[in-house]
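Here are my notes on the model you sent over, point by point. Have the structure open while you read.

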Amino acid sequence: MNTNFKMIKTEEELRKAVDSLNAQSAIGLDTETTELDPYTGRLRLIQLAAPDGVSIIDLDAFSNGGNGELANNQALLPLKRLLEAPRPIKIAHNAKFDAKFLKHNLGADLGGVFDSLLASQLISAGDIEERHGLETVATRYLNESVDKSERLSNWSFELSQAQLEYAARDAAILLPLREKLIDRLKAEALVKCALLEFECVMPVADIELAGFYMHKDRWLEQLAIVEKRRAELAEELQGILAEESLQGSLFGGTQRADINLDSHQQLTQALERLGIPVPDSTRNWKLQPLAAQYPVIATLLEYRTVQKALTSYGQNLIELINPATGRLHADFRQIGAPTGRFSCTNPNIQQVPHATEYRRCFSGYPTGRKLVIADYSQIELRILAEFSGDPGFMAAFNSGADLHRVTAAQVFNVPLDQVSKDQRDFAKRLNFGVVYGIGAQRFSMMTGLSAPEAENVLRKYFATYRGLDNYLREAANRAVHDRQARTASGRLVRFRYDENDRQQISMTQRNGKNTPIQGTSADILKRALRLLKDELSNTSARIVNIIHDEIVVEADGDQAKEISQKVERAMCAAGEEYLKTVPVKVETEIADEWIK
DNA sequence: AGGGCGAGCCAC
DNA sequence: AAACGTGGCTCGCCCT
């Protein structure tokens, strides 16, 4: 590894450096910034590593102060072209971070990405114990230690020699690291999946830069209503549940010792004092059956709903609105789950309650901007149909019939047009349940059927869909035997279990059924993001949220119709790359607010 | 004080 | 015979 570096501070130096870098097949890329947020922080250094040394570009030398000037500085054009080109490949650890700053500051869309973080995650194959910081990954694959002590130092002013050496080393190490990671990706047959992930980096950076507009005042109004209701419910509950203190007050009455309504311990004790038979847990679905008999339980359940709304989706979200943009810029983890699904934090805008009171706070902005809301119709069940080749499932999808209705007709042995709402509802739960490897016990609890009835329905279900039964059995067995599973893109998930532990074995069986389905759904979404990037370039559209099988795009009102067609086209095309025998269906809507 | 963990509940 | 998968967030509780 060559950590020799030269500082680039003039147009001439930059041109020469870029000329030389352009001759490389791959270069290490790292940036140093004054903050973690591109809207409030400044891009200070760009380090580009080649075998003959590291070029450190000091952007303060190319700017007269303001951020906006960088993007217009003609001297940076060769650099911008280098970054955007598919070659040389840019190797970065968590490339999304650098990509956001490069886009915001230079207007450059990072092209030809190799992300050592994502590669490392893929190789770990879903082992959530393994860490993937550059330090850890470099040690794991190169036996080199990287000192990150300068990372959080101040990059705003004159830089020390130690800072520059750190900066150079971080970029230089990426070259040998990539070699090792490529070997491992090839050995594990993960190259195709890696390309899928790498091509997704820039779309995800774009989503985070775009942010999702949340109507602050509307949100606060909603919170005020909920807070008032919470106070009423809490008072009512304390009146019933609080203990009368033994100590009388000064004026003779008794004092009320309120309980903590959010403490399961105290709650259980209080309910027992009232003679209510408390189940083994105070979970909502366990308490639900008691609500009719005991009004206090009904009140408690409403309190919980309201309390949850207030704590999880309350003031905190307002505080996450970016002062520079007025929008929520959530943090998406591209490989958030072992299956390849995204996860999302600060805030998690994948879990905003479905109720319109909340969803209506999310809209296009400014006025005139619309939301295009597009989601895959029953994508996981279509994947299951494709994998299993079950004729019944395939026929339902190919005919365009209502799958749940068809299932109900077959399982309950009634003509299609005589399926009751209850029967269709059962069938729906059944269809979704099998994707997770549901058992009779859980199904009976979910539906209220007796255990024998539930078993009977499941037996009938799998007798109807023999192909499904066979496929799922085999998937479960394979997972236990191979201790791994793969998705359609080849993504690998390893399972660890103790052969003597029945629970762990059945867990592995369920994972074996679910992982290929959930993971392939994630593959398809990621492919769609890549295709969408091309479709949406040179339009007013920006992706503002992704929720596993849904993409939310914001666009100018006069382009919304055209954009929605592009979104649908890209999503279908992505699905069809993986599903060859089952049709892919995408439902799109154009709306002012995030309401379908 | 602050971290870890489980319970509970939101999304898909 | 068969305990439905993946996350994040907040709380209480327990620990150091």
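1. Let's start with enclosed space, bearing in mind that this is a predicted model. Searching the whole structure for cavities of 30 Å³ or more turns up one. The largest cavity holds about 40 Å³ of space. Which residues line the largest cavity? They are Arg-341, Phe-342, Ser-521, Ala-522, Leu-525 and His-548. By type, that lining splits into three nonpolar residues, two polar and one charged.

2. Next, the second largest pocket, which has about 620 Å³ of space. It is lined by 25 residues, and those closest to its centre are Gly-111, Gly-112, Val-113, Phe-198 and Glu-199. If you want to find the pocket by secondary structure, go to β6 (113–115), α8 (174–187), α9 (191–198), α10 (201–210) and α24 (502–536), each of which gives two or more residues to the lining.

3. What is the make-up of the second pocket's lining, by nonpolar, polar and charged residues? The count for the second largest pocket is 14 nonpolar, two polar and nine charged.

4. Why does the second largest pocket lie between domain 1 and domain 3? Domain 1 (5–188) and domain 3 (330–377 + 522–591) both supply lining residues, so the pocket sits between them. Note that domain 3 is written as two segments, 330–377 and 522–591, when you colour the model.

5. Now the aromatics: there are 16 aromatic pairs in the structure. One of them joins Trp-219 and Tyr-358, edge-to-face, with 5.7 Å from centre to centre and 70° between the planes. This pair ties together distant parts of the chain, as Trp-219 belongs to helix α11 (residues 216–241) and Tyr-358 to helix α16 (residues 356–359), 139 residues apart. Buried or exposed, for Trp-219 and Tyr-358? Both are buried.

6. The Trp-219 and Tyr-358 rings also belong to a wider group: together with Phe-212, Phe-362 and Trp-594, they form one aromatic cluster. Trp-594 has a charged partner as well, since the model puts the charged end of Arg-359 over the ring of Trp-594, 3.9 Å from the ring centre. If you are making a figure, Trp-594 is a handy place to show a cluster member and a charge over a ring in one view.

7. Last, another arginine over a ring. Arg-178 lies over the face of Phe-114, 5.5 Å from the ring centre. For orientation, β6 (113–115) and α8 (174–187) are among the elements that help line the second largest pocket.

Terms used:
Residues numbered from 1 in each chain as written. Chains lettered and ligands numbered in written order. Predicted model: local features only at pLDDT ≥ 70, side-chain atom pairs only at ≥ 80, totals over all residues. Heavy atoms only, no water. 1 Å grid on protein atoms, 1.4 Å probe; cavity = no way out; pocket = protein on both sides within 12 Å on 5 of 7 lines; lining within 4 Å. Points joined across faces, edges and corners; volume = space filled by probe spheres on them. Nonpolar A, V, L, I, M, F, W, Y, C, P; charged D, E, K, R; others polar. Phe/Tyr/Trp six-rings, centres within 6.5 Å; stacked < 30°, edge-to-face > 60°. Helix = DSSP H or I, 4+ residues; strand = E, 2+ residues; numbered from the N terminus. Buried < 20%, exposed > 50% of the residue type's maximum accessible area, 1.4 Å probe, protein only. Lys NZ or Arg CZ within 6 Å of the ring centre and 35° of its normal. Domains from an automatic or database assignment.
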